[in-house]
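Subject: A structure for you to explore

Hi there,

Here is the structure I promised to pass on to you. Have a look around it first, and then read my notes underneath.

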Amino acid sequence: RVMAREHTGLLERDNREELERIFKKDNGDLKPWDTNLISCTPTLEMGIDIGNLSTVILCSMPPGQAQYLQRTGRAGRRDGNALTITVANTKPHDLYFYAEPMEMIQGIVEPPKIFLRASAVLERQFVAYCMDSWIKRGVAENAIPRGVGACLNILAKRPHDMFPFNFL
């Protein structure tokens with residue numbers, strides 16, 4: 001049986017840690033209902049040990065070598081055996097590394113850089129936090145239009161009961 005769950009930064013800490021604990025169990029301690037497949041955002045780049053993880057499937061080529069090594073390095077920690085599958089899409093970046101896979105893993109690894117005082121990073125984090133808080137408060141399912149066009153059409157009218165004004 002495939003027992004799938006999602007691993008993201010949006011999970012409550014207890015739920016995320018429970019999922020990680022399940023993957024650290026010894027094979028003899030696993031129950032048939034334990035999670036055996038996880039779908040992840042780049043949260044697993046952050047050095048989280050998922051002990052029994054044996055296979056990583058990437059839905060696109062990561063932007064750089066450090067991210068690729070971090071993501072693929074989550075698998076095989078227990079016994080050294082791992083399978084990594086990377087699905088290349090039609091973007092030039094993906095196609096280049098599909099044709100030249102060794103280019104992604106050889107040479108000196110440049111760690112990713114982030115500047116915590118960068119206003120764009122802080123702005124994105126703040127808006128994401130506000131959106132999470134707004135949703136947790138209980139927003140009607142139709143509070144956010146399904147298409148961007150609907151938002152653009154109402155911008156000039158500025159109705160306070162419609163998105164993005166009901167969010168702002």
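Below is what I found, going from the whole chain down to single residues.

Please keep in mind that this is a predicted model.

**The whole protein**

The secondary structure amounts to six helices and four strands. If you walk along the sequence, you meet them in the order β-α-β-β-α-β-α-α-α-α. The radius of gyration is 20 Å, well over the 15 Å that the globule rule gives for 168 residues, so the protein is more spread out than a compact globule. You can also see this protein's extent in its C-alpha trace, which spans about 60 × 40 × 30 Å along the principal axes.

How much of the protein counts as buried? The share is 26% of the 168 residues. The accessible surface comes to about 12,400 Å², and carbon and sulfur atoms account for 57% of that. As for contacts between residues at least 6 apart in sequence, 58% of them join residues at least 24 apart.

**The largest pocket**

Next, try to find the largest pocket, with a volume of about 710 Å³. It is lined by 26 residues, and the closest to its centre are Ile 38, Cys 40, Thr 55, Val 56 and Ile 57. Which elements give two or more residues to this lining? They are helix H1 (13-24), strand E2 (37-40) and strand E3 (55-58). By type, the lining residues divide into 14 nonpolar, eight polar and four charged.

**Helix H2 and Pro 62**

In H2, the residues Gln 65, Ala 66, Gln 67, Tyr 68 and Thr 72 are buried. The buried residues of this helix pack against E3, strand E4 (83-86) and helix H4 (102-105).

Pro 62 sits in the loop between E3 and helix H2 (65-72). Is Pro 62 buried or exposed? Its relative accessibility is 0%, and buried means under 20%, so Pro 62 counts as buried. Setting aside residues up to four places away in sequence, Pro 62 touches Gln 67, Tyr 68, Arg 71, His 93 and Met 104. Two of these names, Gln 67 and Tyr 68, also appear among the buried residues of H2. His 93 is 31 residues from Pro 62 along the chain, yet their C-alpha atoms are separated by 9.1 Å.

**Two more loop residues**

Thr 35 lies in the loop between H1 and E2. With a relative accessible area of 8%, under the 20% limit, Thr 35 is buried. Which residues is Thr 35 in contact with, leaving aside its neighbours within four places in sequence? They are Met 3, Ala 4, Arg 5, Leu 19, Ile 22 and Phe 23. Gly 149 is 114 residues away from Thr 35 in sequence, and in space the two are 39 Å apart, C-alpha to C-alpha.

Asn 142 belongs to the loop between helix H5 (119-136) and helix H6 (148-154). Here the relative accessible area is 67%, and exposed means over 50%, so Asn 142 is exposed. From Asn 142 to Phe 163 there are 21 residues along the chain, and their C-alpha atoms are separated by 9.5 Å.

A good way to start is to click on Pro 62 and then on Asn 142, since one is buried and the other exposed.

Enjoy exploring!

Best wishes

Definitions and conventions. Residues numbered from 1 in each chain as written. Predicted model: local features only at pLDDT ≥ 70, side-chain atom pairs only at ≥ 80, totals over all residues. Heavy atoms only, no water. 1 Å grid on protein atoms, 1.4 Å probe; cavity = no way out; pocket = protein on both sides within 12 Å on 5 of 7 lines; lining within 4 Å. Points joined across faces, edges and corners; volume = space filled by probe spheres on them. Nonpolar A, V, L, I, M, F, W, Y, C, P; charged D, E, K, R; others polar. Buried < 20%, exposed > 50% of the residue type's maximum accessible area, 1.4 Å probe, protein only. Contact = heavy atoms within 4.5 Å. Rg over C-alpha atoms; globule rule 2.2 N^0.38 Å. Areas by Shrake-Rupley, 256 points an atom, 1.4 Å probe, with all protein chains shown as cover.
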